[in-house]
Amino acid sequence: MPTVILKTRVDRSNATAARRVLTRLGLKPSDAVNALFAQIASRKALPFALATSDSSYAKEEYGLDKKGVIAVGKGLRRQMAQERHDGTVRNVAGIADLR
């Protein structure tokens, strides 16, 4: 498969933090960029929403107001606590753990 070289500038602290995460996942930065580009090509859009704030994202994507966001957060915390108690939460340290 033919490839191209892309040059870009990114914030140093974001790059450092992202590389740490990618290393734990067993990925190289080019793997992450290839995955991002594949999703953009497939969806014909970015694979995530861009929003001005968490509350506007929640409203635009899910129709939630501030009370709704709080309620969902409480529900997720309860669910995670129950899953921890049940022992059903999986730790993921790399790509192999997802397979």
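Hi everyone, let me start with Leu36, which is found in helix 2, residues 29–43. By helix I mean a DSSP run of H or I with at least four residues, while a strand is an E run of at least two, and both are numbered from the N terminus. Leu36 counts as partly exposed because its relative accessibility is 30%. On this scale, buried means under 20% relative accessible area, exposed means over 50%, and partly exposed is in between, using a 1.4 Å probe and protein chains only.

Before going on, a word on the model. This is a predicted model, where local features need pLDDT of at least 70 and side-chain atom pairs count only at pLDDT 80 or more, while totals for chains, interfaces and linings use all residues. Residues are numbered from 1 along each chain as its sequence is written, and side-chain values use heavy atoms, with hydrogens and water left out.

How confident is the predictor? The mean pLDDT of the protein is 85, and 90% of its residues reach 70 or more; pLDDT is the predictor's confidence in each residue, from 0 to 100. Confidence is highest in helix 1, residues 12–25, at a mean of 93, and lowest in helix 3, residues 54–62, at 73. Please keep in mind that where pLDDT is low, the predicted coordinates should not be read in detail.

Now the overall layout. The protein has four helices and zero strands, so to speak an α-α-α-α run from the N terminus on. Of its 99 residues, buried ones make up 6%.

Back to helix 2, where Phe37 also has its place. Phe37 is partly exposed, with a relative accessible area of 44%. Its C-alpha atom is 9.3 Å from that of Pro47, a residue 10 positions away along the chain. Leu36 and Phe37 both belong to a nonpolar surface patch, together with Val4, Leu6, Val33, Leu46 and Phe48, and the accessible area of the patch is about 650 Å². Patch members have over 30% relative accessible area and no salt bridge; like charges are joined within 9 Å, and nonpolar side chains (Val, Leu, Ile, Met, Phe, Trp, Tyr) within 5 Å. A salt bridge here is a side-chain nitrogen of Lys or Arg within 4 Å of a carboxyl oxygen of Asp or Glu.

Which residues are closest to the centre of the largest pocket? First, its volume is about 770 Å³. Of the 20 residues lining this pocket, the closest to its centre are Leu6, Thr8, Pro29, Ser30 and Val33. Helix 2 gives the largest share of the lining, six residues. A pocket is an open set of points on a 1 Å grid, where a 1.4 Å probe fits, with protein on both sides within 12 Å along at least five of seven lines; lining residues have an atom within 4 Å of a point.

After helix 2, we come to Lys44, in the loop between helix 2 and helix 3. Its phi is near 60°, a positive value in a residue other than glycine. Lys44 is exposed, with a relative accessible area of 72%.

Last stop, helix 3, the place of Lys59. Lys59 counts as exposed, at 59% relative accessibility, and its C-alpha atom is separated by 8.8 Å from that of Val69. Glu61 is found in helix 3 too, but Glu61 is partly exposed, at 44%. Glu61 and Ala49 are 8.1 Å apart, C-alpha to C-alpha, and 12 residues apart in sequence. Thanks for listening!

Note on methods
Areas by Shrake-Rupley, 256 points an atom, 1.4 Å probe, with all protein chains shown as cover. Points joined across faces, edges and corners; volume = space filled by probe spheres on them.
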